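Good morning, and thank you for making time for this presentation. Please turn to the structure as it appears on the screen, and we shall go through it together.

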Amino acid sequence: MAGEFELISEITADLALGADVRLGPGDDAAVLRPAGDVVVTTDVLIENVHFKRSWSSAHQIGRKAVAVNVSDVEAMGAIPSAVVIGLALPKDLDQAWVKEFQQGVAAECEQARVSLVGGDLSSSAHVAISVTALGNLDGRAPVTRVGARPGDRVAVCGRLGWAAGGLLVLQRGFGSPKDLVAEQQVPSVPYGQGRVAAEAGATAMIDVSDGLLQDLGHICERSGVGIDIDSSAFAVPDGLARVAAATGKNPMAFILAGGEDHALAATFPPDRDLPDGWRAIGLVGPGAQVSVDGEPWTSPTGWDHFA
């Protein structure tokens with residue numbers, strides 16, 4: 001593999017930069033000129049924890065690294081703007097892998113409408129990726145986990161359960177249903193819908209990364225409310241139904257507690273129409289936790305790295 005500075009030049013060559021980028025890669029830091037308050041978030045992806053090179057191509061890993069971070073910016077109701085990537089690589093890694101990773105990053109940045117404005121390289125025994133994503137609120141207030149009120153409708157935008165189904169398939173050594181596997185390899189983030197929800201009056205919002213029930217539980221805790229989910233609001237995709245039947249799993253467990261979906265969940269006032277692309281799945285009420293069809297959910301609610 002080439003040296004550090006040659007790799008940096010290769011990774012940053014021919015980058016497309018947004019209008020708010022005043023100075024891109026090549027200096028000690030980038031310079032941005034946002035249109036409002038800045039939203040900042042960071043995620044770390046570790047080989048054999050968040051991805052496996054035997055399961056995903058370098059292109060897919062690059063796309064996923066961007067997607068899972070920009071999703072958090074969307075969840076604040078912000079306009080995604082830029083990403084900075086710290087990348088640690090084994091010294092014997094094929095340089096072609098790095099190039100393919102860079103192409104995946106560039107492809108997802110284009111979809112998310114963000115600029116790659118810098119980062120860092122280091123050596124490591126395994127691939128490790130740290131991404132910081134930035135966005136701006138364009139003069140609006142952020143949509144946080146605080147603000148849900150009794151009577152609000154709970155709605156989601158994006159796919160639920162597909163990534164968890166794909167993970168189970170990969171763990172069993174298979175490659176289909178391909179649509180579920182693809183969702184595990186590269187999540188389909190509903191780009192632009194965070195701002196849409198904010199403009200539609202969303203009172204609270206969150207990125208669904210650890211499982212719908214667990215993430216909605218964070219809104220309950222921060223807003224001091226309860227949420228009841230209507231299981232009949234969910235249609236089980238055919239591929240997920242087949243995986244559940246083949247493995248003896250409850251398909252609703254994938255949808256409600258699977259994790260790694262990177263859909264968006266939000267609460268909306270009852271007198272406001274839901275924006276296009278969002279579907280109602282429950283109601284906010286009194287209490288302090290999430291229930292399903294009026295009853296406590298007794299199975300695991302999502303993912304916890306340290307559980």
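Which side chains does a polar contact of 2.9 Å join, one of them being that of Glu47? The partner is Arg53, whose side chain meets that of Glu47 at this distance. I should say at once that we are looking at a predicted model.

Let us stay with this pair for a moment. Glu47 is located in the loop between β3 and α2, the latter covering residues 58–74. The contact with Arg53 also qualifies as a salt bridge, with 2.9 Å between the closest N and O atoms. The two partners differ in their surroundings: Glu47 is buried, at a relative accessible area of 10%, while Arg53 is partly exposed, at 33%. Setting aside neighbours within four places in sequence, Glu47 is in contact with Arg53, His126 and Val127.

How many salt bridges does a search of the whole structure find? The total is 7. I shall present two further examples.

The next example is the salt bridge between Arg159 and Glu183, where the closest N and O atoms are again listed at 2.9 Å. This pair links distant parts of the chain, since its members stand 24 residues apart. Arg159 belongs to the loop between β7 (153–157) and α4 (162–171), and Glu183 belongs to helix α5, residues 178–185. Is Glu183 buried or exposed? Glu183 is buried, because its relative accessible area is 4% and the cut-off for a buried residue is under 20%. Arg159, in contrast, is partly exposed, with a relative accessibility of 37%.

The other example is found within a single helix. Glu199 and Arg195 form a salt bridge through their side chains, at 3.1 Å from N to O. Both residues are part of helix α6, which runs over residues 193–199, and they are 4 residues apart, or about one turn of the helix. Glu199 is partly exposed at 48%, and Arg195 is partly exposed at 29%. Which residues do shared salt-bridge partners join into one network here? They are Asp138, Arg195 and Glu199.

A brief word on cysteines. The count of disulfides comes to 0. Two cysteines may nevertheless be pointed out: Cys109 is buried, with a relative accessible area of 5%, and Cys157 is buried as well, at 6%.

I now turn to the annotated positions. In UniProt, an unreviewed entry carries a "binding site" annotation that covers Thr42, Asp43 and Asp120. Where do these residues lie? Thr42 is in strand β3, residues 38–46, and Asp43 is also placed in strand β3. Asp120 is in strand β5, residues 115–123.

Thr42 is partly exposed, at 44% relative accessibility. Beyond residues up to four places away in sequence, Thr42 touches Asn69, Ser130, Val131 and Thr132. With Thr132 there is a polar contact between the two side chains, at 3.0 Å.

The unreviewed UniProt entry also lists Asp43 together with Asp72 under "binding site". Why may these positions be said to gather at one spot? They span 30 residues in sequence, yet no two of their C-alpha atoms are more than 9.3 Å apart, and therefore they gather at one spot. Asp72 is found in helix α2.

Asp43 and Asp72 can also be compared by exposure. Asp43 is partly exposed, with a relative accessible area of 25%, and Asp72 is partly exposed at 22%. With residues up to four places away left out, Asp43 touches Val68, Asn69, Asp72, Ile129, Ser130 and Val131. On the same terms, Asp72 touches Thr41, Asp43 and Asp207.

Finally, let us consider the chain as a whole. The domain assignment gives domain 1, covering 4–136, and domain 2, covering 152–296. How far apart do the C-alpha centres of domain 1 and domain 2 lie? The distance is 26 Å. Between the two domains, 19 residues of domain 1 are in contact with 21 residues of domain 2.

To close, I would recall two points. The salt bridge between Arg159 and Glu183 links distant parts of the chain. The "binding site" residues Asp43 and Asp72, taken from UniProt, touch one another in this predicted model.

Definitions and conventions. Residues numbered from 1 in each chain as written. Predicted model: local features only at pLDDT ≥ 70, side-chain atom pairs only at ≥ 80, totals over all residues. Heavy atoms only, no water. Salt bridge = Lys/Arg side-chain N within 4 Å of Asp/Glu carboxyl O. Buried < 20%, exposed > 50% of the residue type's maximum accessible area, 1.4 Å probe, protein only. Helix = DSSP H or I, 4+ residues; strand = E, 2+ residues; numbered from the N terminus. Disulfide = S-S within 2.5 Å. UniProt positions renumbered as here; feature names shortened; annotations may be inferred. Contact = heavy atoms within 4.5 Å. Polar contact = N/O pair within 3.5 Å; in protein donor to acceptor, adjacent residues only side chain to side chain. Domains from an automatic or database assignment.
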